[in-house]
Amino acid sequence: MENTVKLYEKDAYCRSFTAKVISCTANENGYDVVLEQSAFFPEGGGQKGDNGRLGDAVVTDTQIVGDVIVHKTDKPIEVGSEVSGEIDWDVRFDRMQNHSAEHIVSGVACSLYGCSNVGFHLGDDCMMVDFDKKLSAEDIAKIELASNKAVFDNIEIIAIYPTKEEIPTLQYRSKLDIEENLRLIQIGDVDCCACCAPHVAKTGEIGLIKITSFAPYKNGTRIEIAAGYRALADYTLLNNENKTIMKMLSAPRDKTAEFVSRQLEQISTVSREKQSLVRELAIARLSVTRVGDNGYSFCEKCSFDDLRYCSNTLAEQNIAMCVLLSETAENEYIYVVSSKETEVTSTVKQLNAAFSGKGGGKPNYAQGKLSGSRNEIESMLAELLK
């Protein structure tokens with residue numbers, strides 16, 4: 001089968017076209033349609049394939065086999081007929097903006113810090129790039145600033161096709177050694193990179209590049225980028241969130257973080273005070289049932305930390321082994337078993353076995369949860385702690 005003429009290589013802004021249908025074969029989910037020429041970009045280079053329409057058939061995906069573009073459609077199209085094609089331009093342009101932004105960011109990172117782009121993914125919601133060098137927050141800020149300067153300079157983006165003889169003389173980024181049919185995307189002196197995808201004509205069409213996050217990844221750095229309409233959507237989202245926080249806290253636009261920090265400090269203080277009061281109340285209400293040198297008690301509305309605090313207090317009252325329990329909202333009982341001198345392992349195992357319990361710990365301390373009635377648990381504790 002003859003290679004498909006790739007209209008997107010000649011004109012990335014070609015949205016509609018007509019073409020002769022070369023073949024149409026059924027697949028598991030629809031049909032594979034091959035045309036003599038196509039403006040649909042097939043999946044490749046980290047970018048998804050275009051979708052759109054061929055006549056009244058919906059194109060759900062576009063792939064390439066060798067140099068033949070295969071359009072995945074929901075309906076068959078008559079072989080030999082002329083069909084009109086229309087790509088989903090909003091999706092295509094979004095990808096063009098972001099892919100061009102990735103080239104700029106990667107070119108800048110390479111020139112500033114000697115980074116190599118070792119991974120790239122352009123999804124519908126996010127774009128990720130992996131660099132082989134560790135980058136700091138300051139490095140990321142410099143890359144972002146320089147990248148946006150390249151956008152504001154409105155540099156022309158061109159595709160060049162060097163000859164086999166010219167390739168060894170050129171400096172360009174590429175993950176593969178390509179000896180022929182090399183296509184390079186040149187962005188002034190910012191970047192030159194091997195790429196098969198369509199790009200915007202000038203960097204100004206990108207609008208804005210924002211590095212939304214970065215983190216260490218495989219001895220390098222993974223960054224997430226939003227460009228063009230995605231960057232606008234990201235800013236709109238965060239701006240609206242900030243406005244909501246401003247209203248809730250009566251905070252100035254540029255002081256929300258400071259006001260939130262104050263609120264968190266106040267909440268932390270109140271939380272500590274509450275915890276202290278809860279524990280004081282738990283100690284005040286604590287009524288220990290003594291069983292020889294040991295003892296147990298049922299406490300109201302206590303957490304594991306509260307029970308542990310109470311058990312430490314009881315340890316000073318010459319109670320050899322102490323079992324403290326508190327009922328949960330699920331009608332179960334959390335427990336803490338502690339002892340300064342003897343092991344609690346046997347006691348805990350027997351409690352767990354009798355009441356479908358789960359838990360454990362160290363030889364002299366354990367915690368867990370039991371399922372059973374208070375009367376049943378008390379009866380067993382009276383026997384175990386003798």
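Helix α4 (residues 229-249) packs against helix α5 (residues 256-285) at an angle of about 50°, with the two axes 10 Å apart. Axes here are lines fitted to C-alpha atoms, for helices over the stretch in contact, and angles run from 0 to 180 degrees between N-to-C directions. That makes α4 and α5 oblique to each other, given that under 35 degrees counts as roughly parallel, over 145 as roughly antiparallel, 65 to 115 as roughly perpendicular and the rest as oblique. Helices (H or I, at least four residues) and strands (E, at least two) are simply DSSP runs, numbered from the N terminus.

The model is a predicted one, so local features need pLDDT of at least 70 and side-chain atom pairs count only at pLDDT 80 or more, while totals for chains, interfaces and linings use all residues. Residues are numbered from 1 along each chain as its sequence is written, and side-chain values use heavy atoms, with hydrogens and water left out.

Back at the first pair, α4 passes α5 in a left-handed crossing; a crossing is left-handed if the near helix is turned anticlockwise from the far one by less than a right angle, and right-handed if clockwise. On the α4 side N242, I245, M246 and L249 do the touching, and they meet T256, F259, V260 and Q263 of α5, where contact means heavy atoms within 4.5 Å. Sorted by type, the residues of this contact come out as five nonpolar, three polar and no charged (Ala, Val, Leu, Ile, Met, Phe, Trp, Tyr, Cys and Pro count as nonpolar, Asp, Glu, Lys and Arg as charged, and the others, Gly among them, as polar).

Helices α2 (residues 89-113) and α3 (residues 137-152) pack at an angle of about 125°, their axes 9 Å apart. This makes α2 oblique to α3, and the crossing is right-handed. From α2 come I104, V105, V108, A109, L112 and Y113, and from α3 come D139, K142, I143, A146, S147, A150 and V151. Ten of the contact residues are nonpolar, one is polar and two are charged.

Another residue of α2 is R95, which is buried at a relative accessible area of 5% (buried means under 20%, exposed over 50%, partly exposed in between, with a 1.4 Å probe and protein chains only). Leaving aside residues up to four places away in sequence, R95 touches Q47, K48, G49, D50, L122 and D124. D50 turns up again around I87, a residue of strand β8 (residues 82-87). I87 is buried too, at 3% relative accessible area. The C-alpha atoms of I87 and D50 are 6.8 Å apart, although 37 residues separate the two along the chain. With the same sequence neighbours left out, I87 touches C14, R15, A39, F40, D50, N51, G52 and R92.

Towards the C-terminal end of the numbering, α8 (residues 374-384) has I377, L381 and L384 buried. Seen down the α8 axis, the buried residues fall within an arc of 65° (taken from the directions from the helix axis to the C-beta atoms), so they line one face of the helix. N375 and E383, on the other side of α8, are exposed. Cover for the buried residues includes β17 (294-299), β18 (321-327), β19 (333-339), α7 (345-354) and β21 (365-370).

As for α7, its axis comes within 11 Å of the α8 axis, and the two cross at roughly 150°. The pair is therefore roughly antiparallel, with a right-handed crossing. T347, Q350, L351 and A354 of α7 meet M380, L381 and L384 of α8, a contact with five nonpolar residues, two polar and no charged.
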